[in-house]
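Open the model in your viewer and keep the selection panel at hand. This tour goes stop by stop, from one element to the next.

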Amino acid sequence: MYHFEYVPESQTKPVKKELLEIIYAVQDLLRNKFTFRFDFIGSSARNMITQDVRSNIGFDFDVNIEVNDPEDIYSAEELRHLIRNALDKVAPHYGYSFAEDSTRVLTIKRKNTFLSRIEHSCDFAIVNNYTDGDGIHRQQYIRYNKQAHRYVWETQPAGYRLLIEKADWLRHHGYWKEVKSLYLEKKNYNTDPSKRSRALYAEAVNEICMKYGFHNR
């Protein structure tokens, strides 16, 4: 069993303010090449940031970066490298590590070397939102294929938009406290190390939706 708890806003708010300063500085560095908008997503957008109080890994934020590159001047690899290099110029001045390049995101971490722990971190995904020929809103993200050493635009799975719709329905009908409770329970009793927080959140949303009849709509 884990020991996840929700992190109070008094603890996350100053970190978010610092991350905003980093993002604004990155925007300034890249302004001559392209502009971008950004959104805090995931647990921070849902006010559901957690941390295992007995582990040496703190809490994390998730940010989507949507690049304004209308002429498609830059490839997926170039965009990823440009943003990573800009983060590497800014983040260390705020006490963060250089950006780590994983499959879906770039990650910066604030580390406490004396206590050998990560205080908090932030994952940056580079995305593209668009409407397809059928009028359906979709999202792509830059994925790093480590085996092939290639960066490609990959479309989010079909359930991506439906999950947002379900979450909105649960909030509207007053079931969100149950979602938060079940999500925390799932995180604490998860025995599959490959199952990430986003999958546990989706499970919680789907189960509460089934409980109250969303699937019959």
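Two strands count as paired if DSSP finds at least two bridges between them. Helices (H or I, at least four residues) and strands (E, at least two) are DSSP runs, numbered from the N terminus. This is a predicted model: local features need pLDDT of at least 70, side-chain atom pairs count only at pLDDT 80 or more, and totals for chains, interfaces and linings use all residues. Residues are numbered from 1 along each chain as its sequence is written, and side-chain values use heavy atoms, with hydrogens and water left out.

**Stop 1: a hairpin**

Select E8 (137-145) and E9 (150-155). The two strands pair in the antiparallel sense over 6 bridges. Pick Tyr141; its bridge partner in E9 is Glu154. Now move to the hairpin, where 4 residues lie between the strands. There, His149 takes a positive phi near 55 degrees.

**Stop 2: strand E4**

Select residues 57-68 for E4. Buried means under 20% relative accessible area, exposed over 50%, and partly exposed in between (1.4 Å probe, protein chains only). Why is E4 largely enclosed by the rest of the structure? Because 9 of its 12 residues are buried.

Add E2, residues 35-41. E2 pairs with E4 in the antiparallel sense over 7 bridges. Phe38 stands opposite Ile65 in E4. Then add E7, residues 117-131. E4 and E7 pair in the parallel sense, over 9 bridges. Asn64 has Ala125 in E7 as its bridge partner.

**Stop 3: helix H1**

Select residues 9-30. The expected span of a helix is 1.5 Å times one less than its number of residues. For the 22 residues of H1 that gives 32 Å, and the end C-alpha atoms are 31 Å apart, which agrees. Buried residues in H1 include Thr12, Val15, Leu19, Ile22 and Leu30. Contact means heavy atoms within 4.5 Å. What covers the buried residues of H1? The cover includes E2, E4, H3, E6 and E7.

**Stop 4: helix H3 and the core**

Select residues 76-90 for H3. H3 has 15 residues and reaches 22 Å from its first C-alpha to its last, close to the 21 Å expected. Among its buried residues are Leu79, Arg80, Ile83 and Asp88.

A nonpolar core is a set of buried Ala, Val, Leu, Ile, Met, Phe, Trp, Tyr and Cys residues joined through side-chain atoms within 4.5 Å. The largest one has 35 residues; Leu19, Phe36, Ile83, Ile108 and Phe124 touch the most other members. H1, E2, E4, H3, E6, E7 and E8 each give two or more residues to this core. H3 gives the most, with 7 residues.

Center on Ile108. Its contacts include Leu19, Ile22, Tyr96, Cys122 and Phe124, not counting residues up to four places away in sequence. A second, separate core of 18 residues includes Met48, Trp169, Ile208 and Cys209.

**Stop 5: the N terminus**

Select Met1, in the segment before strand E1 (4-6). Is Met1 buried or exposed? Met1 is exposed, with a relative accessible area of 65%. Now show Asn188 too. The C-alpha atoms of Met1 and Asn188 are separated by 5.5 Å, although 187 residues apart along the chain. Met1 touches Asn188 and Tyr189, not counting residues up to four places away in sequence.
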